[in-house]
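Biologist: Hey, I'm new to this one. Could you pull it up and walk me through the aromatic residues?

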There are 2 protein chains.
Amino acid sequence: MDKNFVITIGREYGSGGRVIGQAVADRLGIKFYDDEIIELIAKESGLSIEAVSKLDGTKTSSFLYNAFMSTQSVPLNDEIFFAQSKVIKDIASKESCVIVSRCADYILREHKNLFNIFIYAPMEARMERTKSLYHDIANNYENYVKKMDKKRADYYNYFTPNRWGDRSNYHMMIDSSIGIENTVNMLSAMVTALFGGDN
Amino acid sequence: MDKNFVITIGREYGSGGRVIGQAVADRLGIKFYDDEIIELIAKESGLSIEAVSKLDGTKTSSFLYNAFMSTQSVPLNDEIFFAQSKVIKDIASKESCVIVSRCADYILREHKNLFNIFIYAPMEARMERTKSLYHDIANNYENYVKKMDKKRADYYNYFTPNRWGDRSNYHMMIDSSIGIENTVNMLSAMVTALFGGDN
């Protein structure tokens, strides 16, 4: 690859976004960040890894919880988000990478070589995938998938002025039910076509 | 290419969907159908090319118009749509191709190697593109673009049970404001990755 670039991946729950992102990063030989970022956020914020993990992907919603958890004027979730923003900008300035979720598309909106992807799939495919990965995690898988989507939407809509899943936020959106391997092949080919490469 | 496949392209007005589709077809060495299909529809329906052109992309909306235009029990737009469906299925059964608009994604929903793409772009980019291509076509380009989008949506929503532009209808959606050439490069690379090819 002849350019430094960042791929961000937003995704519906159960669409395989994380595995796809990891595989694309491996294929392109660039770094991958999902939960890998938590340690960096802890370091940046001075909070414990446990605290960051616990609040990861949650918006500031409970005044009481934060009031008890934090003696500072800024709610803990917001503090984590600020640290996360700094960490993500630092990473992006140094190396090509794939970053999953965490409003990275919005945080990096001024970044030069940025490509924002949203991965989706029909509900049936996502229920099926969730079931096969996590047995007995829910009685009603449709409700579970919807609840997880709502959590992601709430987080994104709280920390950005945009709407989660709205196509105007992304350079492309892709349905992973065409197959994880197919999706990885297509995305790798696309990114190589866009940012250049040896292959 | 080692498989017979069909790429359908739906697109927002002013996003460059037609030129992109044409260039992707050229790049892949497969046939391209947009207005090229009108003559085939005329032949299939027995109507004149002029009549088909006039009603092309319009839904059945005016009872009176159709009552005067047609002595048959089926409205003329519906008749054209039936002929169009047959023509599109015929084409798809014979050769790999790119088909723009015309509810081809829905008409071909049972087709084996089908890849449905939707091309979009921010309103500013689409107004800019429309202005540069068609000088003085409108006083208010935003209204004009919105009106053309509405016509496309009305047509799609009338002849299919789906909603135009809803991601669940498409395998992928892409923002062409990253550049027409970039979009063509990316789509060509993706399709080759999905359906195979020599390059």
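**Aromatic contacts**

Modeller: Sure. Phe159(A) has a relative accessible area of 12%, so Phe159(A) is buried. Keep in mind that this is a predicted model.

Biologist: Okay, and which residue does Phe159(A) form an aromatic pair with, edge-to-face?

Modeller: That's Tyr155(A): the centres are 5.2 Å apart, with 65° between the planes. Both residues sit in helix 8 (residues 141-159) of chain A, four residues apart, or about one turn of the helix.

Biologist: Is Tyr155(A) buried or exposed?

Modeller: Buried, because its relative accessibility is 8%, and the cut-off for buried is under 20%.

Biologist: Which residues form one aromatic cluster with those two?

Modeller: Phe81(A) and Tyr158(A) join Tyr155(A) and Phe159(A) in that cluster.

Biologist: Zooming out, how many aromatic pairs are there over all chains?

Modeller: The structure holds 16. One of them is Phe5(A) with Phe195(A). Their ring centres are 4.6 Å apart and the planes are at 5°, so this pair counts as stacked.

Biologist: Where do Phe5(A) and Phe195(A) lie?

Modeller: Phe5(A) is in the segment before strand 1 (6-11) of chain A, and Phe195(A) is in helix 9 (residues 180-195) of chain A, so the pair ties together parts that are 190 residues apart in sequence. Phe5(A) is buried at 0% relative accessible area, and Phe195(A) also counts as buried, at 5%.

Biologist: New topic: which ring does the charged end of Arg167(A) sit over?

Modeller: The ring of Tyr120(B), 5.6 Å from its centre. Within chain B, Arg109(B) lies over the face of Tyr106(B), 3.9 Å from the ring centre.

Notes. Residues numbered from 1 in each chain as written. Chains lettered and ligands numbered in written order. Predicted model: local features only at pLDDT ≥ 70, side-chain atom pairs only at ≥ 80, totals over all residues. Heavy atoms only, no water. Phe/Tyr/Trp six-rings, centres within 6.5 Å; stacked < 30°, edge-to-face > 60°. Helix = DSSP H or I, 4+ residues; strand = E, 2+ residues; numbered from the N terminus. Buried < 20%, exposed > 50% of the residue type's maximum accessible area, 1.4 Å probe, protein only. Lys NZ or Arg CZ within 6 Å of the ring centre and 35° of its normal.
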